[in-house]
Amino acid sequence: MNKKLEFEFVPDGCWKSNLRTILSKKQWDYVKKDAKERAGGQCMICGKKTAKLEAHEKWNYDLSKGVQVLEDVIAVCKDCHAVIHMGRTQLKGDEVRAEKHYMKVNNCSYVQYRKELGLANELHQKRNQVSEWAIDISWLKRFVVDEKTEE
């Protein structure tokens with residue numbers, strides 16, 4: 001199944017290991033603003049036009065090295081963000097709306113939705129076997145101005 005919208009379960013050991021806790025408020029606001037400007041007023045996943053975009057950190061988890069790697073920060077609508085963080089959404093009791101959004105965006109059935117959710121849970125369990133994750137935020141270098149090249 002070709003998915004535009006995917007579940008991104010954060011390993012338990014990586015909770016609080018995000019840009020909002022690493023960066024100052026001013027730095028995080030700058031990164032969020034960049035994502036929203038790149039989005040041009042629409043969700044970078046489903047394309048919904050909205051003035052209320054949320055910043056989402058895209059991480060890759062290298063199981064063999066135990067490294068959490070920042071790949072991007074994108075602007076998404078509230079509904080896509082709820083699906084991405086389905087575990088949190090389920091805890092809040094908002095799963096039905098999120099599952100409908102997932103099926104609409106991915107043009108899939110409820111059976112396919114449940115299968116993909118199961119696979120995401122299996123991957124989450126594998127990631128939780130890593131006791132301590134290192135973090136790689138080198139993606140942020142794109143915001144650093146090299147004074148030598150600015151001359």
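This passage looks at one helix pair, the salt bridges and the aromatic pairs of a predicted model.

Helices α5 and α6 are a good place to start. Two packed helices are described by the angle between their axes and the distance between the axes. Here, α5 covers residues 95–106 and α6 covers residues 110–127, and their axes come within 10 Å and cross at roughly 105°. That angle falls in the 65 to 115 degree window, so α5 and α6 count as roughly perpendicular to each other. On the α5 side, the contact is made by Glu95, Glu99, Tyr102 and Met103. The α6 side brings in Tyr110, Tyr113, Arg114, Glu116 and Leu117. Sorted by type, the residues of this contact come out as five nonpolar and four charged, with no polar ones.

Some of these residues turn up again in specific side-chain pairs. Take the charged part of the contact: arginine 114 and glutamate 95 meet in a salt bridge, with 3.6 Å from N to O. Arginine 114 sits in helix α6 and glutamate 95 in helix α5, 19 residues apart, and the pair links distant parts of the chain. How accessible are the two partners? Arginine 114 has 39% relative accessibility and so counts as partly exposed. Glutamate 95, at 21%, is partly exposed as well, since the buried class stops at 20%.

The aromatic part of the contact gives another link between the two helices. Tyrosine 102 and tyrosine 113 have ring centres 5.5 Å apart and planes at 65°, so the pair is edge-to-face. Tyrosine 102 belongs to helix α5 and tyrosine 113 to helix α6, 11 residues apart, so to speak a link between distant parts of the chain. Tyrosine 102 has 0% relative accessibility and therefore counts as buried. Tyrosine 113 also has a relative accessible area of 0% and is buried. Both tyrosines are members of one aromatic cluster, formed by Phe7, Phe9, Tyr102, Tyr110 and Tyr113.

Now for the wider picture on aromatics. The structure holds eight aromatic pairs, and one of them has just been described. Another is tryptophan 139 with phenylalanine 143: their ring centres lie 5.7 Å apart and their planes stand at 75°, so this pair is edge-to-face too. Tryptophan 139 counts as buried because its relative accessibility is 16%. Phenylalanine 143, with a relative accessible area of 21%, is partly exposed.

Back to charges. Side chains of opposite charge can pair when their charged atoms come close. The structure holds 12 salt bridges, among them the one between aspartate 72 and arginine 38, whose closest N and O atoms are 3.3 Å apart. Aspartate 72 lies in strand β2 (residues 67–76) and arginine 38 in helix α2 (residues 25–39), so the pair ties together parts that are 34 residues apart in sequence. Arginine 38 has 33% relative accessibility and so counts as partly exposed. Neither partner stands alone: salt bridges that share partners join Asp34, Arg38, Asp72 and Arg142 into one network.

Glutamate 6 and lysine 3 make up another salt bridge, at 3.7 Å from N to O. Glutamate 6 counts as partly exposed because its relative accessibility is 40%. Lysine 3 is partly exposed too, at 25% relative accessibility.

Key:
Residues are numbered from 1 along each chain as its sequence is written. This is a predicted model: local features need pLDDT of at least 70, side-chain atom pairs count only at pLDDT 80 or more; totals for chains, interfaces and linings use all residues. Side-chain values use heavy atoms; hydrogens and water are left out. Axes are lines fitted to C-alpha atoms, for helices over the stretch in contact, and angles run from 0 to 180 degrees between N-to-C directions. Helices (H or I, at least four residues) and strands (E, at least two) are DSSP runs, numbered from the N terminus. Angles under 35 degrees count as roughly parallel, over 145 as roughly antiparallel, 65 to 115 as roughly perpendicular and the rest as oblique. Contact means heavy atoms within 4.5 Å. Ala, Val, Leu, Ile, Met, Phe, Trp, Tyr, Cys and Pro count as nonpolar, Asp, Glu, Lys and Arg as charged, and the others, Gly among them, as polar. A salt bridge is a side-chain nitrogen of Lys or Arg within 4 Å of a carboxyl oxygen of Asp or Glu. Buried means under 20% relative accessible area, exposed over 50%, partly exposed in between (1.4 Å probe, protein chains only). Rings of Phe, Tyr and Trp (its six-membered ring) pair if their centres lie within 6.5 Å; planes under 30 degrees apart count as stacked, over 60 as edge-to-face and the rest as tilted.
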